[in-house]
Amino acid sequence: PDKHLVGMTVYNLYVYDRNGTCLYYGEWKRTRPSHLSREEENKLMYGMMSSLKSFVVKISPTESKDKFVSYRTNSYKLNFYETATGVKFVLATDLNVGNPSARDILHKIYTQIYIECVVKNPLCPHGQPISSDLFKSKLDAFMRSLTIF
């Protein structure tokens with residue numbers, strides 16, 4: 001197993017479109033519930049991630065393709081991945097995850113699950129919350145198959 005993944009815990013995942021609409025929220029091992037409504041939490045998370053991304057771009061001393069990839073507190077880490085089409089994935093984990101590993105996980109979720117089950121699915125309207133049972137089941141199976149789960 002990947003040494004960056006051993007012992008890591010996945011708490012939750014947010015998927016947003018380019019306009020900030022939360023397309024999907026999934027939870028695995030979140031131990032502390034939010035005291036906000038789902039809608040309030042989704043908006044707060046999107047706003048914070050957008051602000052951090054903008055802040056990092058503005059103050060970065062160097063040019064880089066991926067300037068903002070994660071945000072770390074003393075108890076959790078938010079891992080960020082944005083696609084060329086503006087779809088944003090935010091994965092909350094414990095502190096044991098490395099940036100390359102989290103980015104690899106988010107990239108796989110995008111290419112192997114989101115593209116296959118949402119983008120290529122004519123029954124999934126773009127810009128609307130994901131209601132596809134296939135997406136949900138494949139994502140859950142993928143997360144549970146990781147050594148981090």
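Reader: In which loop does Thr73 lie?
Author: This is a predicted model, and its elements can be followed along the chain to place the residue. Strand E3 covers 70-72 and strand E4 covers 77-82, and Thr73 lies in the loop between strand E3 and strand E4.

Reader: Is Thr73 buried or exposed?
Author: The relative accessible area of Thr73 is 18%, and the word buried applies under 20%. Because 18% falls under that cut-off, Thr73 counts as buried.

Reader: Which backbone atom does the side chain of Thr73 reach?
Author: Within this part of the model, the side chain of Thr73 comes to 3.1 Å from a backbone atom. A polar contact requires N or O atoms within 3.5 Å, and the atom reached here is the backbone nitrogen of Ser75.

Reader: Why can strand E1 be called largely enclosed by the rest of the structure?
Author: The reasoning rests on how many of its residues are buried, which is to say under 20% relative accessible area. E1 is largely enclosed by the rest of the structure because the buried residues number seven of the seven.

Reader: With which strands does E1 pair, and in which sense?
Author: Over six bridges, E1 pairs with strand E5, residues 88-93, in the antiparallel sense, and one residue of E1, Tyr14, stands opposite Val90 in E5. Over five bridges, E1 also pairs with strand E2, residues 22-27, where Tyr14 has Tyr25 as its bridge partner and Val15 has Tyr24. The partners are therefore E5 and E2, and the sense in each pairing is antiparallel.

Reader: What do E1 and E2 form, and which residue in the turn has a positive phi?
Author: E1 and E2 form a hairpin, with five residues between the two strands. In the turn, a positive phi of about 90° belongs to Gly20.

Reader: Where does Asn12 lie, and is Asn12 buried or exposed?
Author: Asn12 lies in strand E1, which runs over residues 10-16. With a relative accessible area of 4%, Asn12 falls under the 20% cut-off, so Asn12 is buried.

Reader: With which side chain does the side chain of Asn12 make a polar contact?
Author: Leaving aside neighbours within four places in sequence, the residues in contact with Asn12 include Tyr25, Trp28, Arg30, Glu41 and Val90. A distance of 3.0 Å is given for the polar contact made by the side chain of Asn12, and the partner is the side chain of Tyr25.

Reader: Which element gives the largest share of the lining of the largest pocket?
Author: About 480 Å³ of space lies in the largest pocket, which is lined by 17 residues, with Asn12, Arg30, Arg32, Glu41 and Tyr76 lying nearest its centre. Two or more residues of this lining come from each of E1 and helix H1 (38-59). By character, the lining of the largest pocket divides into nine nonpolar, five polar and three charged residues. The largest share, four residues, is given by H1.

Reader: Which helix gives the most to the lining of the second largest pocket?
Author: The second largest pocket holds about 190 Å³ of space, and among the residues lining this pocket are Asp17, Arg18, Tyr110, Tyr114 and His126. Its lining divides into six nonpolar, four polar and two charged residues. The most, four residues, comes from residues 99-119, that is, from helix H2.

Terms used: Residues numbered from 1 in each chain as written. Predicted model: local features only at pLDDT ≥ 70, side-chain atom pairs only at ≥ 80, totals over all residues. Heavy atoms only, no water. Buried < 20%, exposed > 50% of the residue type's maximum accessible area, 1.4 Å probe, protein only. Polar contact = N/O pair within 3.5 Å; in protein donor to acceptor, adjacent residues only side chain to side chain. Contact = heavy atoms within 4.5 Å. 1 Å grid on protein atoms, 1.4 Å probe; cavity = no way out; pocket = protein on both sides within 12 Å on 5 of 7 lines; lining within 4 Å. Points joined across faces, edges and corners; volume = space filled by probe spheres on them. Nonpolar A, V, L, I, M, F, W, Y, C, P; charged D, E, K, R; others polar. Pairing = 2+ DSSP bridges.
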